[in-house]
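Hello,

Here is the structure I said I would pass on. My notes on it follow below.

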Amino acid sequence: MTKELFDKGIKEGKIVAYYLFKDLGVGTGCKYFIETGTHIGNGVQYALDAGFEQVFSCEFMQDRYKECMDRFVDNDNVSLWLGTSVDCIPEMLKQVDEKACFWLDANRRLMTWYSFPAVSSAWVLIKPIG
Ligand SMILES: C[S@@+](CC[C@H](N)C(=O)[O-])C[C@H]1O[C@@H](n2cnc3c(N)ncnc32)[C@H](O)[C@@H]1O
């Protein structure tokens, strides 16, 4: 993450961690955005706004999953799974045939994550396919 992007994120009042997508996922030809830990869907929305063609996400808490199913009911390019990342990632990967950006964000440390967003850079991976 560049200082410029970090400063821009702070200025716009956004969760700065999402700017990592601009460094790593956006503009690098990734067709898929694959997230673990859907929560309330903000990562999914960011990926849609950033222009990813297909957005996959999984969440193991049923109420959060259902909430996001409602939130993205009109988005045909969003696929959501209910279950743990360990169970869902293999299912997601069955549908991945091109380059993907992985946002591995399934964790129970929400407060820490929001307090220190830059720390979550450790959870971002890029996986080239093919
Ligand atoms: C930090 S929040 C995710 C925030 C979201 N990715 C975003 O960018 O807005 C973490 C979420 O991961 C979920 N979670 C935790 N462990 C999980 C697991 N093993 N499998 C799937 N989801 C998990 C939690 O229930 C929580 O909703």
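Of the chain's 130 residues, 32% count as buried, that is, with 20 or more other C-beta atoms within 10 Å of their own, where 12 or fewer would be exposed, anything in between partly exposed, and C-beta atoms are placed from the backbone. This is a predicted model, in which local features need pLDDT of at least 70, side-chain atom pairs count only at pLDDT 80 or more, and totals for chains, interfaces and linings use all residues. Residues are numbered from 1 along each chain as its sequence is written.

The chain has six helices and five strands, taken as DSSP runs (helices H or I, at least four residues; strands E, at least two) and numbered from the N terminus. Along the sequence the pattern is α-α-β-α-β-α-β-α-β-α-β.

The largest nonpolar core (buried Ala, Val, Leu, Ile, Met, Phe, Trp, Tyr and Cys residues joined through C-beta atoms within 7 Å) has 22 residues, of which Tyr32, Phe33, Ile34 and Val55 touch the most other members. Elements giving two or more residues to this core include β1 (32–36), β2 (54–59) and β4 (100–104); β4 gives the most, with four. Beyond its neighbours within four places in sequence, Phe33 is in contact (C-beta atoms, placed from the backbone, within 7 Å) with Gly25, Ala47, Phe52, Val55, Cys101 and Trp103.

There is also a ligand. Of the 19 residues around the ligand (C-beta atom, placed from the backbone, within 6 Å of it), Gly37, His39, Asn42, Gly43 and Ala106 come nearest. The elements that give this shell two or more residues are β1, α3, β2 and α6 (110–115).

Regards

Methods:
Contact = placed C-beta atoms within 7 Å.
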